[in-house]
Amino acid sequence: MGRENEFLMRLAGSGKTIFTTEEAISYWGSPHNAKIALHRLIRKGWLASLEKGKYMIIPLEAGPERKWTEDTYIVASSLAEPAAIAYWSAVRHWNWTEQIPRIVYVQTTQRKKTPRKEIFGVEYEFVRVKTEKFYGNVKEWRNGKFILITSREKTLIDCADDVERAGGPEELVKAVKSAASEISWPRLSEYVAQFPNKAVQKRLGYLFEKLVQNLPSEASGILGSWQKNLSAGVVPLQPSRSKTGKISRRWRVRINAALA
């Protein structure tokens, strides 16, 4: 047990709670030795396997039952590279909803063999996006470690792009109402111009004008410039629903979902 203790202490001393097989091999000297040691530590309750090649240290605080889980955002961020907490999870992080999403949404450019998985009773979904959609992230500290999370402005854009992963139109409505006074409008406009799916401009423009009575003064000019430069075609407010409902000709949005 001496070398096993030293191994765990060395990882903990470097601030590691989650590590890879390669890091274990570096310590144990060979894949064979590392495999045996990791299997033994898992059996004793000192490690847990997150996925192939990724392990989590179970700390002493877990007690004799060895029941423990790391912060869900830290776990999520360790399972993809790059990774940013996004969509409804980011909406919750920015306190734009009282709902607690049952899934932790992670945006990444990496292809995951299993995009949705359950770890210690928590469901994670890894949403692969093209590189041109992966931007606008900020660092946030969680339990002494930093993670990436989509900024307020990028969260709105992602949710308008993927309304289902935003929690549906009801949650997108809450986010728009709450965000209007918290976001940087110039940054939002910059990010919207950069985003490849121009439907987000239509949906956000419509929702901001429809839902927020007292928009900041700079917002009016920005929304006006958006409205003058809309792409052709009408987009549904909620893509997964039937393509029926009134059309906002000003914003070229089909209102096929109720706005609570």
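**A small sheet and its surroundings**

Okay, let's start with a hairpin: strands S2 and S3 form one, with two residues between them, and Gly 53 in the turn has a positive phi of about 85°. Before I go on, please keep in mind that this is a predicted model.

So, what are these two strands doing? S2 covers residues 47-51, and four bridges join S2 to S3, with the two running antiparallel. If you want to find some of the pairs on your screen, look for Ser 49, whose bridge partner in S3 is Tyr 55. Then look for Glu 51, which has Lys 54 as its bridge partner in S3.

Now let's add another strand. S1, residues 18-20, also pairs with S3, in the antiparallel sense, over three bridges. Here you can look for Ile 18, which stands opposite Met 56 in S3. Put together, that's three strands in an open sheet, in the order S1-S3-S2, with antiparallel pairing. The edge strands are S1 and S2, since each of them pairs on one side only. From one strand to the next, the twist averages 35°.

And what packs on this sheet? Helix H2 does, touching S1 and S3, and its direction makes about 75° with that of S1. H3 packs on the sheet too: H3 touches S1, S2 and S3, and its direction makes about 110° with that of S2.

Let me stay with S3 for a moment. In a regular strand, side chains alternate between the two faces of the sheet. Which residues of S3 lie on which side? Lys 54 and Met 56 are on one side, Tyr 55 and Ile 57 are on the other, and all four are buried, so both faces of the strand are covered.

Next, a residue I'd like you to click on: Leu 50, which sits in strand S2. Is Leu 50 buried or exposed? Buried means under 20% relative accessible area, and Leu 50 has 6% relative accessibility, so it counts as buried. Leaving out residues up to four places away in sequence, Leu 50 touches Ile 18, Tyr 55, Met 56, Val 75, Ser 78, Leu 79, Ile 119 and Phe 120. Take Ile 18 from that list: Leu 50 and Ile 18 are 32 residues apart in sequence, but their C-alpha atoms are 8.8 Å apart in space.

Back to helix H2, residues 21-28. Its buried residues are Ala 24, Tyr 27 and Trp 28. Why are they on the same side of H2? Because they cover an arc of only 85° around the axis. Those buried residues pack against helix H1, S1 and helix H3. Turn to the face pointing away from the buried side, and you'll find the exposed residues Glu 22 and Ser 26. Right after H2 comes Gly 29, with a positive phi near 95°.

Last stop: the cores. In soluble globular proteins, nonpolar side chains tend to be buried together. The largest nonpolar core here has 72 residues, and Leu 156, Val 176 and Phe 208 touch the most other members. Helix H9, residues 199-211, gives the most to this core, with seven residues. Apart from this core lies another one, of 14 residues, and among them are Phe 7, Leu 8, Ala 24 and Tyr 27. You've met Ala 24 and Tyr 27 already, as buried residues of H2.

And if you zoom in on Leu 156, its contacts beyond four places in sequence are Trp 96, Ala 175, Val 176, Ala 179, Ile 183, Leu 204 and Phe 208. That's it from me, thanks!

Key:
Residues are numbered from 1 along each chain as its sequence is written. This is a predicted model: local features need pLDDT of at least 70, side-chain atom pairs count only at pLDDT 80 or more; totals for chains, interfaces and linings use all residues. Side-chain values use heavy atoms; hydrogens and water are left out. A nonpolar core is a set of buried Ala, Val, Leu, Ile, Met, Phe, Trp, Tyr and Cys residues joined through side-chain atoms within 4.5 Å. Buried means under 20% relative accessible area, exposed over 50%, partly exposed in between (1.4 Å probe, protein chains only). Contact means heavy atoms within 4.5 Å. Two strands pair if DSSP finds at least two bridges between them. The arc is that of the directions from the helix axis to the C-beta atoms. Axes are lines fitted to C-alpha atoms, for helices over the stretch in contact, and angles run from 0 to 180 degrees between N-to-C directions.
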